[in-house]
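Thanks for making time this morning. I would like to walk through one structure with you, and I will try to keep each statement close to what the atoms give us.

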Amino acid sequence: MIVKAAVVNAAGEDYTLSDLTLSEMQPDEVLVKMVASGMCMSDETIRKGGTSSVAFPVVLGHEGSGIVEKVGDAVKGFKVGDQVVLSYAYCGQCPSCQTGHPSVCDDWMTLNFSGVREDGSHTFHKEDNTPVGNFYGHSSFTSHTLVHQSNLTKVDADADLRLIGPLGCGFLTGSGTVINGLKPEVGSSIAVFGTGAVGLAAMMAAKIQGCSTIIAVDIHDSRLELAKKLGATHVINSKLEDPLEKVKEITAGRGVNYSVDTTGVSPVIKTALTVLAKGGVIAPVAVSRNNIEINLTAELTMSSKSMIGVVMGDGVPQLSIPQLVKFYQEGRFPFNELVKFYPFDDINQAAQDSAGGSVIKPILIMDESYTASSVK
Ligand SMILES: [Zn+2]
Ligand SMILES: [Zn+2]
């Protein structure tokens with residue numbers, strides 16, 4: 001079948017909307033008609049050639065939502081017409097997967113970044129038969145895609161697919177870092193550095209978890225205003241105020257119990273560690289090539305602080321995504337405040353607006369005719 005996809009032909013090039021051939025479906029695959037897809041910072045990093053692990057040409061996108069159109073014979077648990085959110089692929093068999101940590105699946109890089117299926121074949125081809133790589137085992141910047149069952153999370157028939165694609169990556173990462181990674185106690189304090197999609201999701205999750213002091217740190221007042229609206233009890237503009245001093249003041253000199261860095265900027269990560277109270281835990285979640293230097297004895301051991309890695313929110317997408325949908329429907333996870341919708345054809349404009357910071361989470365609409373049953 002012919003699909004309409006946004007192809008990046010070489011590092012640094014714009015997206016080109018092209019007709020591609022979608023391969024024959026394999027027995028363990030599901031054909032999904034895309035409704036919408038969020039754009040994530042990692043799509044932009046890869047489009048610009050920021051990693052050598054993804055080959056071009058490629059169809060990017062990994063925060064999609066859509067409707068099941070056809071189900072392979074070996075697939076269980078999905079049927080035609082199901083509403084689904086697309087997330088990363090995992091093997092389901094390795095020790096990490098079997099203990100509930102598929103985001104550190106042994107085969108994660110191969111399944112998500114190799115651009116091909118497990119048997120080495122491509123799902124997308126150009127008219128002249130040039131193979132085009134997929135991304136995260138599926139690619140969501142397309143009208144239709146073939147995915148492995150592990151990529152799919154079924155959501156309720158009344159969930160609004162236009163909105164919820166980004167629950168498959170950015171918002172999953174931010175919320176899961178807090179809910180599954182830091183697991184703050186009710187009444188504890190947390191500081192979140194950087195108020196993009198991941199940081200704001202971390203903050204909303206901190207509120208859900210019952211943190212009573214939630215401090216947002218950023219350099220843009222407009223973002224900090226939004227943070228306040230979404231649950232920050234305190235905000236710090238680190239261009240104008242010293243976050244170390246300010247956090248001390250807010251916490252009666254003790255520091256915060258938890259911190260999250262979403263910036264990946266070395267001095268900011270260092271600050272996020274320093275603002276911790278004794279026994280505090282920091283989760284640096286930005287994908288960054290930057291390093292920090294710390295004196296382990298003085299800065300970790302003597303104050304019993306910890307630094308933990310949490311990737312993709314360390315949850316099982318099939319459990320976490322429906323939970324986030326529910327939190328949203330209850331008004332406790334208002335991520336709709338952070339999105340802006342674009343027609344699929346405007347993908348380059350959406351990428352530009354996101355990179356420039358004027359839009360937190362662009363969502364591309366592939367199927368303009370879709371209306372959620374809850375808003376019909
Ligand atoms: Zn695995
Ligand atoms: Zn992402």
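I will go from a metal site to the sheets, and then to a pocket and a single residue.

Before anything else, please keep in mind that this is a predicted model, and that what I quote from it is computed from that model.

Let me begin with the zinc ion, ligand 2, whose protein donors are Cys40 through SG, His62 through NE2 and Cys169 through SG, at distances of 2.1 to 2.2 Å. Written along the chain, these donors follow the spacing C-x21-H-x106-C. His62 sits in the loop between β4, residues 58–59, and β5, residues 64–71, while Cys169 sits in the loop between α4, residues 161–164, and α5, residues 170–182, so this pair ties together parts that are 107 residues apart in sequence. As for accessibility, His62 has a relative value of 0% and therefore counts as buried, and Cys169, with 6%, counts as buried too. The cut-off behind that word is under 20% relative accessible area.

From His62 we can step to the strands on either side of its loop. β5 pairs with strand β3, residues 29–38, in the antiparallel sense over seven bridges, and within that pairing Ser37 stands opposite Gly64 of β5. β5 also pairs with strand β6, residues 83–86, again antiparallel, over three bridges, with Ile67 standing opposite Gln83 in β6.

β4, on the other side of the loop, belongs to an open sheet of five strands in the order β4-β1-β2-β7-β8, with antiparallel pairing. The edge strands there are β4 and β8, the latter spanning residues 131–132, and each of them pairs on one side only. The partner of β4 is strand β1, residues 2–8, joined to it in the antiparallel sense over two bridges, and Val7 has Val59 in β4 as its bridge partner.

Which way does the pairing run in the six-stranded open sheet, parallel or antiparallel? In that sheet, whose order is β13-β12-β11-β14-β15-β16, the pairing is parallel. β13, residues 234–237, and β16, residues 306–307, stand at the edges with a single partner strand each, so one side of each is left without a neighbour in the sheet. At the β16 end, two bridges join it in parallel to strand β15, residues 276–284, and Val281 stands opposite Ser306 in β16.

Now to the second largest pocket, which holds about 430 Å³ of space. Its lining comprises 23 residues, and those nearest the centre are Asp28, Ala89, Leu111, Glu118 and His148. By character, the lining divides into seven nonpolar, eleven polar and five charged residues. Both α3, residues 108–113, and β9, residues 144–148, supply at least two residues each to this lining, and the largest share, three residues, comes from β9.

I will finish with Thr123, which is placed in the loop between α3 and β7, residues 124–125. Thr123 has a relative accessibility of 1% and so counts as buried. Leaving aside residues up to four places away in sequence, Thr123 touches Thr21, Leu22, Ser23, Glu29, Arg117, Asn134 and Leu146.

That is where I will stop, and I am glad to take questions.

Methods
Residues are numbered from 1 along each chain as its sequence is written. Chains are lettered from A and ligands numbered from 1 in the order in which they are written. This is a predicted model: local features need pLDDT of at least 70, side-chain atom pairs count only at pLDDT 80 or more; totals for chains, interfaces and linings use all residues. Side-chain values use heavy atoms; hydrogens and water are left out. Donors are N, O and S atoms within 2.8 Å of the metal (3.2 Å for Na, K and Ca); water is not among the atoms, so sites may look incomplete. Helices (H or I, at least four residues) and strands (E, at least two) are DSSP runs, numbered from the N terminus. Buried means under 20% relative accessible area, exposed over 50%, partly exposed in between (1.4 Å probe, protein chains only). Two strands pair if DSSP finds at least two bridges between them. On a 1 Å grid over the protein atoms alone, a cavity is a set of points where a 1.4 Å probe fits but cannot get out, and a pocket is an open set with protein on both sides within 12 Å along at least five of seven lines; lining residues have an atom within 4 Å of a point. Grid points are joined across faces, edges and corners, and a volume is the space filled by probe spheres set on the points. Ala, Val, Leu, Ile, Met, Phe, Trp, Tyr, Cys and Pro count as nonpolar, Asp, Glu, Lys and Arg as charged, and the others, Gly among them, as polar. Contact means heavy atoms within 4.5 Å.
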